[in-house]
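Here are two short exercises to work through with the structure open. Try each one before reading its solution.

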Amino acid sequence: MSNVATSSVQEAPKKAVASNAIKFLFGGLSGMGATMVVQPLDLVKTRMQISGAGSGKKEYRSSLHCIQTIVSKEGPLALYQGIGAALLRQATYTTGRLGMYTYLNDLFRERFQRAPGITDSMAMGTIAGACGAFIGTPAEVALVRMTSDGRLPVAERRNYTNVANALARITKEEGITALWRGSLPTVGRAMVVNMTQLASYSQFKTYFRNGPLKMEEGIKLHFCASMLSGLLTTITSMPLDIAKTRIQNMKTVNGKPEYRGTADVLLRVARQEGVFALWKGFTPYYCRLGPHTVLTFILLEQLNQGYNKYVLGVDKSTGL
């Protein structure tokens, strides 16, 4: 009888926690919510990267000119062309990346019985980014094509009606492997982005918190750190991003693709359009990357707090 009493005393009630599936779901939803805000900037970035392909002739003088041209020729709603593909990309890439990173993080803690250091986190972020990018490449291909379709002459437009139509037609007309066209630069870009973001964001956050500014933990600190992190990430990843965009948007003429690979794109862009063309679309890319990160984490925090409070009955925020 005493043993039963002792065991019942020792058995503490299990703390209610969100399942991994819920964490992955919230990660995808937060990325999709942020995309709804920054999609116009992503479209402008894609249009500017494709502008001048082959001929070297620039279609847009600046990001603002690009926006004005799109709105005047195609209407305001054209800024949200490809939104279905953009949301699908977040649902696959962000969820896949978050899932893999969480899995690797838990595995590391279990095996080494300690929290991962910055080098460990960079390595896990790189692997997670590569896995998420590979999963999300089909949606990326559809996104690039749908956002760039409006700049083509009417006779050359693909006229995809939605993301499902785009994926189905690409598979039917070009083969299923075409869905992973540009996967190498896509994966390479994701690895660079995740590694750079993870390291620089952590360092900037520490500097702002402990340095001369003595900033407190909160949205202001996260915003400043993410914008500077986004600047470094933009500088390091844009050449791979423009290679990815050109390859995914290219057409095959008489069985011959426009580009042979990532190196061919980079060399031809530098030779025909100038070295700085590798950073074409820098402003919209940078303005998209920083806010997207901030919005993603703010939404993720709110989803976690809401789930904890109204579903688990725990009125406590889950820290990221």
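**Exercise 1: a helix pair.** At what angle do the axes of helix H2 and H4 cross, and within what distance do they come? Then work out who meets whom across the contact.

*Solution.* Keep in mind that this is a predicted model.

Step 1. Find H2, which covers residues 20–50, and fit its axis alongside that of H4: the two come within 8 Å and cross at roughly 145°.

Step 2. Get the hand of the crossing: H2 over H4 is right-handed.

Step 3. Go through the contacts. H2 brings in Asn20, Lys23, Phe24, Gly27, Gly28, Gly31, Met32, Thr35, Met36 and Gln39. Facing them, H4 offers Ile83, Ala86, Leu87, Gln90, Ala91, Thr94, Thr95, Leu98, Gly99 and Thr102.

Step 4. Sort that contact by class: eight residues are nonpolar, eleven polar and one charged.

**Exercise 2: empty space.** How many cavities of 30 Å³ or more are there, and what lines the largest cavity?

*Solution.* Rolling a probe the size of a water molecule over the atoms shows where empty space is left.

Step 1. Count: two cavities reach 30 Å³ or more. The largest holds about 50 Å³.

Step 2. List its lining: Arg89, Tyr93, Ala133, Gly136, Thr137, Glu140, Thr186, Arg189, Ala190 and Lys244.

Step 3. Assign the lining to elements. Helices H4 (83–112), H5 (118–148) and H7 (183–210) each give two or more residues, and H5 has the largest share with four.

Step 4. Split the lining by class: you should get three nonpolar, three polar and four charged residues.

Key:
Residues are numbered from 1 along each chain as its sequence is written. This is a predicted model: local features need pLDDT of at least 70, side-chain atom pairs count only at pLDDT 80 or more; totals for chains, interfaces and linings use all residues. Side-chain values use heavy atoms; hydrogens and water are left out. On a 1 Å grid over the protein atoms alone, a cavity is a set of points where a 1.4 Å probe fits but cannot get out, and a pocket is an open set with protein on both sides within 12 Å along at least five of seven lines; lining residues have an atom within 4 Å of a point. Grid points are joined across faces, edges and corners, and a volume is the space filled by probe spheres set on the points. Ala, Val, Leu, Ile, Met, Phe, Trp, Tyr, Cys and Pro count as nonpolar, Asp, Glu, Lys and Arg as charged, and the others, Gly among them, as polar. A crossing is left-handed if the near helix is turned anticlockwise from the far one by less than a right angle, and right-handed if clockwise. Contact means heavy atoms within 4.5 Å.
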